[in-house]
Amino acid sequence: MDFLSFIFLITSLWMLQTRNVTKSVYLLILQSLSLSVLMIGIPMFSSGNDFNLFHSAIAAILTFFVKVVFLPFIILRVNKKLRSNDLVPMNMSQGLSLLIGIFLIGFSQVLNSSGFFSTSHLSSGYSFFAISSILIGCFYMLSHRALLCQIIGIIVMENGIFLYSVSLTNGMPLIFEFGTFFDLLVGVLVMGIMTNYIHGLFESTDTENLTELKG
């Protein structure tokens, strides 16, 4: 599980210095794939005899089809339709973005060590990776100005929240997982439509153009 957790973290960190939407999506696929395996692995090694294979398998399969297959397919399809192969505009250099990402990982470790997020049931190791992914996903949205990058950042943050929830509960009730995936699907579809609309208006998906939409 440690290797998968490392893959989960390093993929989100590597996105910060990537200025290509397609490469970011491939990194997102790798991160979501590691999360799919962790959905089974964490409850299996944490629950002991209480491990529910059927529940964990359903959650892992849902994660795989939604976050590894369907959502990346939508983002890549929209990106291809927009023909936005140019470099994504950023608010800072790639090197500075990566350095801030490393700082956020260190900050996550401080939060985790301080017990700020800990509970009696929480695995501190996984919570560190989860908090790091949430902070990095948020910063990715701030540093990258393309609209499709905002969608990718939301999914990275959601992956971190999901990992945190699994490490906390050893598997959420399926009805909550269905609800979470449904909300995420609707959100990505709406943002994909909005991206097309805004690109049609400005022939660009730079988020700085959104200021021109003010009434």
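In which helix is Phe178 found? In this predicted model, Phe178 belongs to helix H7, which spans residues 174-202. Phe178 is partly exposed, because its relative accessible area is 42% and so falls between the 20% limit for buried residues and the 50% limit for exposed ones. Its C-alpha atom lies 8.8 Å from that of Ala59, although 119 residues separate the two in sequence.

Ala59 also leads to a residue of another helix, Met39. Helix H2, made of residues 21-47, holds Met39. Here the C-alpha to C-alpha distance to Ala59 is 6.8 Å, for a pair 20 residues apart in sequence. Met39 has a relative accessible area of 4%, so Met39 is buried. Beyond its neighbours within four places in sequence, Met39 is in contact with Ser56, Ala59, Ala60, Thr63, Phe162, Val166 and Glu177.

It helps to place these residues in the chain as a whole. The protein chain contains seven helices and zero strands, and its elements, read from the N terminus, follow the order α-α-α-α-α-α-α. Of the 215 residues, 46% are buried. The chain exposes about 10900 Å², and 68% of that area is supplied by carbon and sulfur atoms. When contacts between residues at least 6 apart in sequence are considered, 77% of them join residues at least 24 apart.

One helix pair can be followed in detail. Two packed helices are described by the angle between their axes and the distance between the axes. For helix H3 (residues 53-82) and helix H6 (residues 147-169), the angle is about 170° and the axes are 11 Å apart. H3 is therefore roughly antiparallel to H6. On the H3 side, the residues that meet H6 are Thr63, Lys67, Leu71, Ile75, Val78, Asn79 and Leu82. Their partners in H6 are Leu148, Ile151, Ile152, Ile155, Glu158, Asn159 and Phe162. Sorted by class, this contact of H3 with H6 comprises nine nonpolar, three polar and two charged residues.

Lys67 deserves a closer look. This lysine sits in helix H3, and its relative accessibility is 0%, which means that Lys67 counts as buried. The side chain of Lys67 makes a polar contact of 2.9 Å with the side chain of Asn159. With neighbours within four places in sequence set aside, the residues in contact with Lys67 are Ser32, Leu35, Leu62, Pro72, Glu158, Asn159, Phe162, Phe181 and Leu184. Phe162 thus appears among the contacts of Lys67 and among those of Met39.

What is the relative accessibility of Ser97? The value is 0%, so Ser97 counts as buried. Ser97 is part of helix H4, which covers residues 94-114. Its C-alpha atom is separated by 5.9 Å from that of Leu16, a residue 81 positions away along the chain. The side chain of Ser97 also reaches the backbone oxygen of Leu16, at 3.0 Å. Apart from residues up to four places away in sequence, Ser97 touches Leu16, Met90, Met92, Phe139 and Ser143.

Conventions. Residues numbered from 1 in each chain as written. Predicted model: local features only at pLDDT ≥ 70, side-chain atom pairs only at ≥ 80, totals over all residues. Heavy atoms only, no water. Axes fitted to C-alpha atoms, helices over the stretch in contact; angles between N-to-C directions. Helix = DSSP H or I, 4+ residues; strand = E, 2+ residues; numbered from the N terminus. Parallel < 35°, antiparallel > 145°, perpendicular 65-115°, else oblique. Contact = heavy atoms within 4.5 Å. Nonpolar A, V, L, I, M, F, W, Y, C, P; charged D, E, K, R; others polar. Buried < 20%, exposed > 50% of the residue type's maximum accessible area, 1.4 Å probe, protein only. Areas by Shrake-Rupley, 256 points an atom, 1.4 Å probe, with all protein chains shown as cover. Polar contact = N/O pair within 3.5 Å; in protein donor to acceptor, adjacent residues only side chain to side chain.
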